[in-house]
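Me: I would like to go through this structure with you, beginning with one of its pockets.
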Amino acid sequence: MTQASVGNASAATHLVPPGKPEEFDDPLKIINAISDGLSPSWWLNEILAATIGVNPLQELTNQLTGDWESYARCAAAWESLGKCMSAVSESLQRGLGPLDSGWQGNAADSAQVYFRDLSKAISEKQQILHQLHEEYLTAARGAWEFAKAAGDVIKDLLDAAIIAAIEVAAGAALGWTGVGIAIAWALAALECAKIVKLWADFVKLLNTAQKVMYGVHGAVTTATGLLGNVKSIPFPETTYNHPAVN
């Protein structure tokens, strides 16, 4: 078996379907974990409507819509393809040595230039594919990290909303005293202020995550443009004619 065939076999081993991403979980599972067992009451909905005007769990779900695991799988596919291209490039480089020692003349020189340029072009593609791997992985990890951080904020926000709802409901039940409802609303106001602060924290996390995604989108657009612009290495301009044939 020649060195080139060994190299090609090595390259082919990298072309495998991507498996389940390691160290990655669906960010939507965080939302499901928060919402499990939570049945917003009328008072809770009233508190959220009066403070931030939205359903925070729904807003978090809207921001994470998409198949983020596919991003991670796609990252693995780019990396596998990049490794394959690297192996092909290395195979060509290894084959140039025996080719140079066993073949001399103008045709040999033209072949050396052609295969050397071809190996370089393939190597450049490998670098672009690795960059795509990194960017897609950044998108998947960014979604997960945002979900985790935002999930903690949303849980605290809902806790505050539940406490405020209980206090308002208690005040309504004790409305006949006159004093009870005033105290209840005063306590609820503190929780409402906390809700507003936590929502501002959520918006800040969202803005940061969106900047990351915009950066990923720009980098991917640039990388795929470079990948598509890699031109084929042309064959030598003229064919080789042996003098004895003329």
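Me: Which element gives the largest share of the lining of the second largest pocket?
Reply: That is α7, with five residues. The model is predicted: local features need pLDDT of at least 70, side-chain atom pairs count only at pLDDT 80 or more, and totals for chains, interfaces and linings use all residues. Residues are numbered from 1 along each chain as its sequence is written, and side-chain values use heavy atoms, with hydrogens and water left out.

Me: Which residues line the second largest pocket?
Reply: The lining consists of Trp68, Tyr71, Tyr136, Ala139, Met213, Val216, His217, Val220 and Thr221. Two or more of these residues come from each of α5 (68-102), α6 (106-173) and α7 (179-229). A pocket here is an open set of points on a 1 Å grid over the protein atoms alone, where a 1.4 Å probe fits, with protein on both sides within 12 Å along at least five of seven lines; lining residues have an atom within 4 Å of a point.

Me: And how do the lining residues divide by polarity?
Reply: Seven are nonpolar, two are polar and none is charged. Ala, Val, Leu, Ile, Met, Phe, Trp, Tyr, Cys and Pro count as nonpolar, Asp, Glu, Lys and Arg as charged, and the others, Gly among them, as polar.

Me: Turning to the whole chain, how many helices and strands are there?
Reply: The chain has seven helices and zero strands; these are DSSP runs, H or I of at least four residues for helices and E of at least two for strands.

Me: What percentage of the residues is buried?
Reply: Of the 246 residues in the chain, 33% are buried, that is, under 20% relative accessible area with a 1.4 Å probe, protein chains only.

Technical notes
Buried < 20%, exposed > 50% of the residue type's maximum accessible area, 1.4 Å probe, protein only.
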